[in-house]
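Visitor: I have a structure to go through with you. Can we take it piece by piece, with reasons?

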Amino acid sequence: MGRKALALYVSANSMIAVARASMLTPLVATHAGISSIDWKAWGAGLREHFGVATVQLLLSARQCHYQVLPWLSSCYTGATIRRHVEDAFMATAGVDADSHRIEIDWPAYGEAVRAAAYPRAVVASLQEGLVASGHVLAGVDSSIGPILRRYGKAVEVGHALLAYGEDDGITGITLEHGKVVQIDTLSGSGTGLDDVGVWSSRKQFAFADDAQLHWLATTPQPVSYAGTQLPVTGSVPASAGHAVVMAWQ
């Protein structure tokens with residue numbers, strides 16, 4: 001029997017594992033913080049529940065960092081684009097290629113440069129725990145990948161905002177004709193500019209029409225958030241994390 005394909009969603013306070021094309025129930029757990037997770041025990045639990053598997057890691061967007069940078073005429077080779085991206089991550093988030101795995105969506109000439117940075121310590125610890133139980137880490141992504149692949153076409157015309165709740169906060173993706181131009185993450189219980197009401201108001205002013213604002217129903221739409229609600233595909237998710245892994249399926 002071949003390996004099952006699993007998605008493992010990890011947020012600041014939860015983990016959810018789901019097998020693709022399987023009737024097996026999801027494996028769900030909460031934790032006090034990602035650094036507290038015993039990945040070897042979790043890998044053994046995955047094997048007991050699903051068998052040996054190929055695992056796609058899906059981190060909540062708040063666990064990662066993002067850049068959308070304008071094209072520079074002086075940065076047109078792979079090396080110069082990577083240096084441009086790494087400099088931006090260090091300047092804005094204080095992370096570098098040693099602490100984070102930086103992946104670049106290589107642009108066509110003249111287009112904006114999009115990149116994500118995933119925490120190396122988390123990925124390495126998870127991979128070690130998976131290998132100990134015979135699993136294979138297939139890849140690393142954030143919730144943004146499966147959400148855009150499943151729901152992005154609904155908002156790919158013109159200027160739009162797609163926001164959704166996660167187990168550890170809120171993620172907002174601003175798109176221009178289907179291409180990402182900005183990514184916001186907030187805790188959902190922050191203050192100041194991170195307050196949900198303040199953020200929602202700022203976004204409402206940034207768009208000409210409330211119809212350009214969309215809330216994906218992974219969680220109830222905040223009262224302060226103007227715009228239309230998009231239903232999730234399939235059954236009502238038990239949590240926001242469930243909605244993310246359902247999008248991956």
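**Burial, helices and overall form**

Guide: This is a predicted model. Start with one residue: Ala-124 has 43% relative accessibility, so it counts as partly exposed.

Visitor: Which helix holds Ala-124?
Guide: Ala-124 is partly exposed, at 43% relative accessibility. It sits within residues 120-132. That run is helix H3.

Visitor: How far apart are the C-alpha atoms of Ala-124 and Leu-137?
Guide: Along the chain, Ala-124 and Leu-137 are 13 residues apart. In space, their C-alpha atoms are separated by 10.0 Å.

Visitor: Is Gln-56 buried or exposed?
Guide: Gln-56 belongs to strand E4, residues 53-59. Buried means under 20% relative accessible area. Gln-56 has 18%, so it counts as buried.

Visitor: Which residues does Gln-56 touch, leaving out those up to four places away in sequence?
Guide: One group is Leu-6, Ala-7 and Leu-8. Another is Ala-138, Gly-139, Val-140 and Asp-141. The list is completed by Trp-248.

Visitor: How many residues of helix H6 are buried?
Guide: Trp-248, a contact of Gln-56, is among the buried residues of H6. Others include Ala-240, His-242 and Met-246. Helix H6 covers residues 240-248 and is mostly covered. The buried count is 9 of 9.

Visitor: Which elements do the buried residues of H6 pack against?
Guide: One of them is E4, the strand that holds Gln-56. Helix H4 (144-151) is another partner. The remaining strands are E1 (4-10), E2 (14-19), E3 and E9 (159-166).

Visitor: Where does His-31 lie?
Guide: His-31 has 14% relative accessibility, so it counts as buried. Strand E3 (27-30) is on one side and helix H1 (39-50) on the other. His-31 lies in the loop between E3 and H1.

Visitor: What does His-31 touch, not counting residues up to four places away in sequence?
Guide: Two of its contacts are Ser-36 and Ile-37. The others are Ser-11, Ala-12, Asn-13, Ser-14 and Met-15.

Visitor: How far apart in space are His-31 and Ile-102?
Guide: In sequence, His-31 and Ile-102 are 71 residues apart. C-alpha to C-alpha, the distance is 26 Å.

Visitor: What span should helix H2 have?
Guide: H2 runs over residues 78-93, which is 16 residues. The rate is 1.5 Å a residue. The end C-alpha atoms are 22 Å apart, which agrees with the expected span of 22 Å.

Visitor: What covers the buried residues of H2?
Guide: The residues in question are Thr-80, Ile-81, His-84, Val-85, Ala-88 and Phe-89. Their cover includes strands E5 (65-69), E6 (100-105) and E7 (113-119).

Visitor: Which residue follows H2?
Guide: Its phi is positive, near 70°. The residue is Gly-94.

Visitor: How many helices and strands does the protein have, and what is its radius of gyration?
Guide: The secondary structure comes to 6 helices and 13 strands. For 249 residues the globule rule gives 18 Å, and the protein is close to that, so it is as compact as a globular protein of that length. The C-alpha trace spans about 50 × 45 × 35 Å along its principal axes. The radius of gyration is 18 Å.

Visitor: What share of the residues is buried?
Guide: The protein exposes about 11700 Å², with 54% of it from carbon and sulfur atoms. Of the 249 residues, the buried share is 48%.

Methods:
Residues numbered from 1 in each chain as written. Predicted model: local features only at pLDDT ≥ 70, side-chain atom pairs only at ≥ 80, totals over all residues. Heavy atoms only, no water. Helix = DSSP H or I, 4+ residues; strand = E, 2+ residues; numbered from the N terminus. Rg over C-alpha atoms; globule rule 2.2 N^0.38 Å. Buried < 20%, exposed > 50% of the residue type's maximum accessible area, 1.4 Å probe, protein only. Areas by Shrake-Rupley, 256 points an atom, 1.4 Å probe, with all protein chains shown as cover. Expected span 1.5 Å × (residues − 1). Contact = heavy atoms within 4.5 Å.
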